[in-house]
Amino acid sequence: MESPITTTAQRPAIGTRIDRFFSISKRGSTTSREIRGGLVTFMTMAYIVILNPLILGGFSGDQATLDVEGNWLQAGQVAAVTALTAGVMTILFGLVANLPFGLAAGLGINSFLAVSVVGQVTWAEAMGLVVINGLLIVVLSATSLRELIFKAVPAQLKTAITVGIGLFIAFIGLVDSGFVRSSGAASPPVQLGDAGSVTTIPTVIFILGLLTMGVLMARKVRGALLIGILATTAVAIAVEAIFKLGPSFSNPGGWSLNAPVIPESIVSLPDLSLIGAFSFGAFERIGILAAVMLVFTLVFTNFFDAVGTLTGLTREAGLADAKGNFPRLKSALIIEGIGAVAGGATSSSSNTIFIDSAAGVGEGARTGLASVVTGGMFLLAMFFTPLTQVVPLEVAGAALVVVGVLMMSQIKEMDWSEFSASLPVFLTIIVMPLTYSIANGIGVGFISWVVVRSLSGKAREVSPLLWIVAAGFLVYFARGPIEMLFGS
């Protein structure tokens, strides 16, 4: 009997194979929508290639974050490894977890390293602590402990996390644009613009972008966010060409981070010499207890920021079930942990899932194909770093506010009739933006949930895992006094 021969005509087309691999049609999406979503996610995340070097690196000794030995990371090198690590991890996440989320250097952790860690250790030793943090998270994920904690979170708190993240990213957009600013006073701590007025042109551009995207979304225009970002960026480029505002660090009325100008040179070769430049010498330099407390802080921040972000984004994408669980949960958590290891190994800081990915979800992305597109753009950004500076933070901020509205809409699913649930839910939502931390919101929510629910006669409904996590958060919130108590 002759074996059947599969002809070229009988083989599934490339588009069909891609559709099957990523379950694009099954999730109600299209290839073009995934590509658009991936591009939008990159545009709202691209600022990390510029911002991360400003936080971790510098151009000279007097314009850099110095470690305990007076050394610093070169800004160009940090930019290169930031783009490389984000690109590789986002592509891997898309292929393995099949979720439309981008990974990059987490802003909370890189700031913690720059402010609280490198005053005690070297940069190489700090990145070694990040690697250890990532390895611990991978172990927790591979042993299913992280998944068990994720599933132990009550549905009400999972919805609250989604709503809280929506409010948080909208607040980020408002702050990044200069629409909301610090008042510099004890009360009120924040204010509208400068002394209650919108006084800068970049903030006006933010408002223009917000209204443009809002109208396009209301009219259900395909690619609304992508069109809005591109159109507003074009206006921003024209405005900068006329007024020559420059960045805010040289002009108080300038752009928040990068001025939107067409770069003179587009291509640049990346310097990847920071790969592998980490050390485990922190334990010897500062002692085991002090090093363990730093790792504990990194793990808790990394662990629960990612859990909260995954909860919010999967719900917004319609990929989570009624309990908040979603396909390939364990794979997603493991890859996120590997991102932390990769970030430490490349000195780009722990890579984690970015809440800015909500912009791509808002554009319609539902599968890992969008992540592959986002990751591919990050890899290109290594060679086209000047182009990543074209979209100003004010325009990206407008997109975040729009997506914040979409995520906040899930508040309608919540039942506020039972106060023992509504108080922890409210605290989860409000603490995130007010403390600028997803992990803080989750921690306060967990602690108040187990205490209020238990003392209200519902102790049997509280998972033992939540008690353990709540106790861990108590240590996390009291880590400053604990370190002082032990003299570390």
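**Group meeting: contacts, salt bridges and a cavity**

Let's start with T309. Setting aside its neighbours within four places in sequence, T309 is in contact with I165, I353, F354, I355 and I438. This is a predicted model, by the way. T309 sits in helix 12, which covers residues 288–316. Is T309 buried or exposed? Buried, with a relative accessible area of 1%. The cut-off for buried is under 20%, so T309 qualifies at 1%.

Next, salt bridges. How many does the structure hold? Eight. A general reminder: side chains of opposite charge can pair when their charged atoms come close. I'll go through three of the pairs.

Take E363 and R36. Their side chains meet in a salt bridge, at 3.4 Å from N to O. This pair links distant parts of the chain, with the two positions 327 residues apart in the numbering: they are 327 residues apart. E363 is in the loop between helix 14 (358–362) and helix 15 (368–381). R36 is in helix 2, residues 31–45. E363 counts as buried, at 7% relative accessibility.

Now a local pair. K151 forms a salt bridge with E147, and the closest N and O atoms are 3.2 Å apart. Where do these two lie? Both are in helix 7, residues 145–152. They are four residues apart, about one turn of the helix. Look at the exposure of each partner. K151 counts as partly exposed, at 44% relative accessibility. E147 is buried, with a relative accessible area of 15%.

Third pair: R453 and E461. Their side chains meet in a salt bridge at 2.8 Å, N to O. R453 is buried, with a relative accessible area of 5%. E461 counts as exposed, at 55% relative accessibility. This pair does not stand alone: salt bridges that share partners join E418, R453, K458 and E461 into one network.

Last topic, the cavity. The structure holds one cavity of 30 Å³ or more. What is the volume of the largest cavity? About 40 Å³. Which residues line it? On the list are M43, A46, Y47, N258, T388, V391, P392, L393 and A396. By class, the lining of the largest cavity has seven nonpolar residues, two polar and no charged.

To recap. T309 is buried in helix 12. The E363 and R36 pair links distant parts of the chain, while K151 and E147 both lie in helix 7. R453 and E461 belong to a network with E418 and K458. And the largest cavity has no charged residues in its lining. Thanks, everyone.

How values were computed: Residues numbered from 1 in each chain as written. Predicted model: local features only at pLDDT ≥ 70, side-chain atom pairs only at ≥ 80, totals over all residues. Heavy atoms only, no water. Buried < 20%, exposed > 50% of the residue type's maximum accessible area, 1.4 Å probe, protein only. Contact = heavy atoms within 4.5 Å. Salt bridge = Lys/Arg side-chain N within 4 Å of Asp/Glu carboxyl O. 1 Å grid on protein atoms, 1.4 Å probe; cavity = no way out; pocket = protein on both sides within 12 Å on 5 of 7 lines; lining within 4 Å. Points joined across faces, edges and corners; volume = space filled by probe spheres on them. Nonpolar A, V, L, I, M, F, W, Y, C, P; charged D, E, K, R; others polar.
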